[in-house]
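Please look at the sequence and the structure shown below. The paragraphs that follow go through the ligand site and then two pieces of sheet.

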Amino acid sequence: MYTQTELKAHVAQAAVEFVLPQLRTDSILGVGTGSTVDLFIDALAAHKGAFKGAVSSSERSTRRMRDLGITVYDLNDVESLLWYVDGADELDPSLAMTKGGGGALTREKIVASVAKNFLCIADASKEVAVLGAFPLPVEVIPMARAAVARQLAALGGNPVLRADFITDNGCQILDVHGLQIQDPKALEQRINNIPGVVCCGLFALSGASIALIASQEGVQRRELSDS
Ligand code: 5RP
């Protein structure tokens with residue numbers, strides 16, 4: 001039996017093998033955040049001469065890449081990215097995701113929006129039929145926290161302030177428990193429209209292009225044509 005960390009390492013290695021042949025020495029890769037991505041960065045570093053560098057979605061990933069000799073670029077200096085590689089807290093059959101367990105959802109969504117393709121990397125525990133068992137992270141401007149929380153409660157959720165946590169953007173996170181997300185695109189739009197919300201952890205309006213999922217049986221690819 002492989003442990004969850006071993007499965008994350010398997011999918012991280014598979015992701016490197018997937019993107020590497022598509023990278024050229026002038027390519028810049030979008031890189032997400034989290035424990036799976038940490039392992040992806042470690043595996044990617046062995047090939048740092050094969051591509052130009054990366055745009056990072058968090059201070060955490062930036063530090064890790066720089067420590068391993070991967071050049072990190074400011075997104076403002078980069079026009080396009082072919083791939084963005086990131087983990088997920090939940091992934092549904094439409095390749096919609098809940099993200100933000102690590103608190104980097106806003107920068108993740110920004111970098112992902114610049115990339116042509118999103119490669120989601122996860123172990124099989126992240127696959128669900130319906131999103132919502134994992135509390136949905138919502139980044140909020142601190143002065144709007146209570147007002148946003150009331151609106152999230154009106155949508156049927158139970159928002160809980162993430163304790164002792166400030167995002168890389170100086171904001172706070174409400175983790176919304178108790179949602180059964182039958183229509184992730186509609187809910188993402190609805191939450192995005194609440195004044196004071198910086199970013200909603202649903203990645204459904206623009207989900208993953210491809211997912212690599214590691215299980216005891218190996219790493220499998222999920223694409224929309226599969227569902
Ligand atoms: C961070 C994220 C991560 O991708 C998500 O939390 C998955 O993390 P891990 O790879 O540690 O399970 O969205 O904001």
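In this predicted model, a backbone N or O atom of Gly100 lies 2.8 Å from an oxygen atom of the ligand. The ligand's 380 Å² of accessible area, taken on its own, is covered to 92% by the protein. Two other backbone contacts of this kind can be found: a backbone N or O atom of Thr33 is 3.1 Å from an oxygen atom of the ligand, and for Gly101 the corresponding distance is 3.4 Å.

Which residues come nearest to the ligand? There are 17 residues around the ligand, and Ser35, Thr36, Asp89, Gly100 and Lys126 come nearest. Gly100 thus appears both in this group and among the backbone contacts. Sorted by class, the shell around the ligand holds 9 polar, 6 charged and 2 nonpolar residues. As for where the ligand sits, the space it takes is the second largest pocket.

The next part to look at is an open sheet of 3 strands, in the order β5-β6-β12, with antiparallel pairing. Its edges are β5 (90-91) and β12 (202-203); each has a single partner strand, so one side of each is left without a neighbour in the sheet. The pairing of β5 with β6 (residues 97-98) is antiparallel and consists of 2 bridges. Within this pair, Leu91 stands opposite Met97 of β6. In general, strands of a sheet pair through backbone hydrogen bonds, in either the parallel or the antiparallel sense.

Further along the chain is another antiparallel pair, made of strand β13 (residues 210-215) and strand β14 (residues 218-223), which are joined over 6 bridges. How many residues lie between β13 and β14 in their hairpin? The hairpin has 2 residues between the two strands. To find one facing position in the pair, locate Ile213, which stands opposite Gln220 in β14. As a general point on such strands, side chains in a regular strand alternate between the two faces of the sheet.

Technical notes: Residues numbered from 1 in each chain as written. Predicted model: local features only at pLDDT ≥ 70, side-chain atom pairs only at ≥ 80, totals over all residues. Heavy atoms only, no water. Pairing = 2+ DSSP bridges. Helix = DSSP H or I, 4+ residues; strand = E, 2+ residues; numbered from the N terminus. Near = heavy atom within 4 Å. Polar contact = N/O pair within 3.5 Å; in protein donor to acceptor, adjacent residues only side chain to side chain. Areas by Shrake-Rupley, 256 points an atom, 1.4 Å probe, with all protein chains shown as cover. 1 Å grid on protein atoms, 1.4 Å probe; cavity = no way out; pocket = protein on both sides within 12 Å on 5 of 7 lines; lining within 4 Å. Sits in = over half its atoms within 2 Å of the grid points. Nonpolar A, V, L, I, M, F, W, Y, C, P; charged D, E, K, R; others polar.
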